[in-house]
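Trainee: I have not looked at this structure before. Could we go through it by question and answer?
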Amino acid sequence: MGVAITGIGVLSAVGNGREAFWESIRLGRSGLKEMTRFDASKLSTRFVGEVRNFDPSEYMSEQELHETERCSQLAFAAAWEAFENASLPVDQYSDDRKGVVIGTSLGGIPNGEVFHSQWLHDGYIQTDESLLLAYPLHTSADFLSIRFRLKGPKITISTACSASSGAIGYGATLINAGKADLVIVGGTDPLSMLSLSGFNSLKALSSDPCSPYCQSKGITIAEGAGMLILERLDLAERRGATILGLVGGCGLSSDAYHPTAPNPGGAGAFKSMHTAVAQASLNLDEIDYVNGHGTGTRANDSAETSALKNMFRDSKKPIPVSSTKSMIGHTLGAAGAIEAITCVMSMMHNTLPPTVNFDESHNPYGLDFVPNTSRKQQVNTVLSNSFAFGGNNVSLLFQNYDHSPRSTEPQNVAHHRTVITGLGIVQPLGIGKESFFSAIVNGKSAIQDIPFQNEVYHSRVGALLDNEQYLKYINPSVVRRLDMLSKYSMASAKMTLDDAKLKVNRDNCERIAIIFGTSSGPIETVEAVNRSIVLQGADKVNPSLFPNTVMNAAAGHICLAFQIKGPSTTICSGGVSGSQAIIYAHQMIKDGIVDAALVIASDEYNETLHAGYDRLGVLSDTIPVPFDREGRGFALSGGSTAILLESEEHAIRRGAEVYGEVFGYGIASDAYRIAGNQSSGKDYARSIELALQDSGKTKEQIDAIFTDARGSKHIDMVEANAVRRIFKDQVPVTSLAGLNGYAVGGLTPVHTAAAVFALKEHVIPAIANDNPIASIRLAGHAERLQRAETFMINSSAYGGTYTSLVIGKYRS
Amino acid sequence: MFDKLIHHTLYQLECSDNYTLVILENERLEVILNNSVLSDWFTPQEIQEIRSKGRLIERVSARLAAKIAIHQNHTSLTPHHIEIRSEQSGQPQVYIEGCPYARGVISLSHTRNFGAAYFFITN
């Protein structure tokens, strides 16, 4: 189909706005200066890349400023410029066909730091709960969707330093899959004490402004945002848009080598670059320039250059490589997007950006690093690398629109069917699928009094894993390296691979993906690191903890443990994280990118999380009842669910038992309010309709609906309205939130497991509710479905993202 | 503002593509109104109309239900953008930012315990 870039917007240490930004890059002007907003006295460096002269009030109302934090504010200003640059006529695309994919590593972490500090110093009651509304990573995407009326797909990716490259790749995937006509993609990250003191603890900060590929003494942390408007190429051409470049390819891979260090041979980096180039059907001599990850650490610079030498060893010309982090600094989750903009502008101006701070008499890695001065050269094709903690590698390929050969023949893309062949369950309701299934039949709730009783909490109930049975699924030699989230996830992953009887080996390891979904991520570790910063000082962070603070750490551990080297990504879209992980995996299999994908959705439940949600007043003080008219809130739960998805051919080839099939999906947004949902359910219903359409099923074919109802009146009412719009009261609805608690990011995978059970046994979980909020048909106790062929599984996130999946019985 | 009102006072809200039904509980509404003022929700003209007749809570409840119902279809509107005025005949008429609303009709009802609005979208 082709994906055009028609608008760009950027804020960074070298300039705000694309023109100022490019002028600095072209001149080799560094933005790395002494920090002004943080106390550097306990850090090993004084240098950061701050966004200066940025006044968000020029763009936003007072209320919007109050509701957002720096991460979203940077994102919004960059998006504003990108939309302005794209010169989109009003109503060019319907709101429903416009989406947003954002990559961020930190999101609202600075808000969390302030809240945590208030809690530790002044006590829980004195905390400002409004800080938590903008804390979730998906806040930036929510805010952009509201302001620009983006009611199509909305996804947040958090794979640390490769997050926004992954976002660009996924945005292009959505357009190519016909899910949207326009997607704004990019990344945003603010400076925070967590990242500064964390990298400080790892001794990874350069005392001077960083010197990638040369001195390689460490990184310089920075902040910024970069946004790109992606449009379907034919539609952009039809409207006469100025096309700044094309997204030609995106390669994802996993190192499976070490939690933080890259594979020194650069195997994972090689794989991601190779995939991106192969997608564009180019040969290596057609690549004009590589914008390297080039962080300035010895580990990265050495591994990346090894991969580059390997990649271009047969190339007829030396490949120029540069690191613009030498001027911008390392903007973490925003880096990939800012560098993508650099690549686009490099093609627009036929100029190679330099690597500054480069001692030309000392070139330890021996490539052409475009030292210190930019170079005029025809630039038609550019490769951009982003590599991250957890071995998450992403390479993007950009092409100059005017100089790219394009096929006029329609491409025949073979779509693959996605089947479910393995389940692993670590949930309060049961550990292992047999225990979980029998709990569904028994209908006994796992929600009980919580052990961290404290009189200040309104809610005293939750669903905890009451024993550590799951630890037996984890190799004892790695347990000590894992945090709570990774332990849950590792156990469910192991169960799933065993259940599916899938052996990962050298032949298949690059064709298996890990797609991880989490709402809150490794909150226990984040809390521990931040506690040491607040109480002991920025120089007292435990270096063994910091690597586990990134959202993709658990996925990295799993890749490493099982030697899975295919694409890996982590989705952090709040309550829809788990369902979007299934959706992304399904799309990869459908498109033939991989043969199998291990989807894992996990969330912790501990006192920190309980306190945060309790402060927001959304937790129930009794066992919640989904769809209750008096619904007073939900009960949290922690755990992990893993599902193995495979292409039909792959499953048949290896003789796997097939539990069910993923037929289709829908994603929609209501563009209504940060941390709020529009009560009419209109856009939720659109997600249901899209899923029916994508799956080729009619509403009459849906035998039951697994809903995201959790006991909170408002959000349950949104879903009740959505269900009633499509199904009236004709289809039984259910939810496990009353039995298992609300596994924030992971209820859809839990429901998928329950649906697999229902396909076989015709039994769905009951909802005991004699005062429902709307006229819907609630599943009764031990109700046997007459027909159990096809199910709908819904989920929703605060902030107005909705997803619907259609799964059902597999027939060959 | 609407979300808070819904959270604290709603008895029922049902939507489809062509209608919205909102029912509020008067007892809960009274608690809210004790802590806020009518001017947060109503224009001066509306307040005058409400106060000119008896059964204040019931009338407030029905009109707020109407505002919620319209807000479901026009989410960018604030409470003051939406006016519910009584015509000479007593029939309620919706005004958006001072202009009569032509895309739907509203029906209000109230009892001692509930205020209700049924908003039917005509085009």
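Trainee: In strand β14 (residues 381–388) of chain A, how many of the residues are buried?
Mentor: This is a predicted model. Thr381(A), Leu383(A), Asn385(A) and Phe387(A) point one way from β14(A), while Val382(A), Ser384(A), Ser386(A) and Ala388(A) point the other way. Both sets are buried. The strand is mostly covered, and the count of buried residues is eight of eight.

Trainee: Which residue of β14(A) is the bridge partner of Val290(A)?
Mentor: Strand β10 (residues 289–291) of chain A is joined to β14(A) by three bridges, and the two run parallel. In β14(A), the partner of Val290(A) is Leu383(A).

Trainee: Which residue in β15(A) stands opposite Ala388(A)?
Mentor: β14(A) also pairs with strand β15 (residues 392–399) of chain A, in the antiparallel sense and over eight bridges. Opposite Ala388(A) in β15(A) stands Asn392(A).

Trainee: Which residue in the turn between β14(A) and β15(A) has a positive phi?
Mentor: The two strands form a hairpin, with three residues between them. In that turn, a positive phi of about 80° belongs to Gly390(A).

Trainee: What does UniProt list for residues 1–400 of chain A?
Mentor: The end C-alpha atoms of this span lie 16 Å apart, and the span is 34% helix and 20% strand. The UniProt entry is unreviewed, and it gives one name to residues 1–400 and 415–809 of chain A. That name is "domain: Ketosynthase family 3 (KS3)".

Trainee: What percentage of the residues in chain A is buried?
Mentor: Chain A has 25 helices and 28 strands. Its C-alpha trace spans about 75 × 65 × 55 Å along the principal axes. Of its 812 residues, the buried part is 68%.

Trainee: How many residues of helix α19 (residues 577–590) of chain A are buried?
Mentor: From first C-alpha to last, this helix of 14 residues reaches 20 Å, close to the 20 Å expected at 1.5 Å a residue. After α19(A) comes Gly592(A), with a positive phi near 80°. The helix itself is mostly covered, with a buried count of 14 of 14.

Trainee: Which residue in β23(A) stands opposite Val599(A)?
Mentor: Val599(A) is in strand β22 (residues 596–603) of chain A, where eight of eight residues are buried. Strand β20 (residues 512–517) of chain A pairs with β22(A) in the parallel sense over six bridges, and Ile515(A) stands opposite Val599(A) there. Eight bridges join β22(A) to strand β23 (residues 639–647) of chain A, and these two run antiparallel. In β23(A), the residue opposite Val599(A) is Ile643(A).

Trainee: How many salt bridges are there over all chains, and how far apart are N and O in the one between Glu34(A) and Arg46(A)?
Mentor: The count over all chains comes to 48. Glu34(A) lies in strand β3 (residues 33–34) of chain A and Arg46(A) in the loop between β3 and β4 (47–48), 12 residues apart. Glu34(A) is partly exposed at 43% relative accessible area, and Arg46(A) is also partly exposed at 43%. Their side chains meet with an N to O distance of 2.3 Å.

Trainee: Is Glu223(A) buried or exposed?
Mentor: Glu223(A) forms a salt bridge with Arg70(A), at 2.9 Å from N to O. The pair links distant parts of the chain, with Arg70(A) in helix α3 (residues 70–86) of chain A and Glu223(A) in the loop between α8 (193–201) and β8 (224–232), 153 residues apart. Because its relative accessibility is 0%, Glu223(A) counts as buried.

Trainee: What is the relative accessible area of Lys67(B)?
Mentor: Lys67(B) forms a salt bridge with Glu46(B), the closest N and O atoms being 2.8 Å apart. Glu46(B) is in helix α3 (residues 44–51) of chain B and Lys67(B) in helix α4 (residues 56–73), so the pair ties together parts 21 residues apart in sequence. Glu46(B) is buried at 0%. Lys67(B) is buried as well, with a relative accessible area of 0%.

Trainee: Why can Phe120(B) be part of a nonpolar surface patch?
Mentor: Phe120(B) lies in strand β7 (residues 114–121) of chain B. Together with Val105(B) and Tyr118(B), Phe120(B) makes a patch of about 250 Å². A patch residue needs over 30% relative accessible area, and Phe120(B) is partly exposed, with a value of 34%.

Note on methods: Residues numbered from 1 in each chain as written. Chains lettered and ligands numbered in written order. Predicted model: local features only at pLDDT ≥ 70, side-chain atom pairs only at ≥ 80, totals over all residues. Heavy atoms only, no water. Patch = residues over 30% accessible without salt bridge, like charges linked within 9 Å, V, L, I, M, F, W, Y side chains within 5 Å. Areas by Shrake-Rupley, 256 points an atom, 1.4 Å probe, with all protein chains shown as cover. Salt bridge = Lys/Arg side-chain N within 4 Å of Asp/Glu carboxyl O. Helix = DSSP H or I, 4+ residues; strand = E, 2+ residues; numbered from the N terminus. Buried < 20%, exposed > 50% of the residue type's maximum accessible area, 1.4 Å probe, protein only. UniProt positions renumbered as here; feature names shortened; annotations may be inferred. Pairing = 2+ DSSP bridges. Expected span 1.5 Å × (residues − 1).
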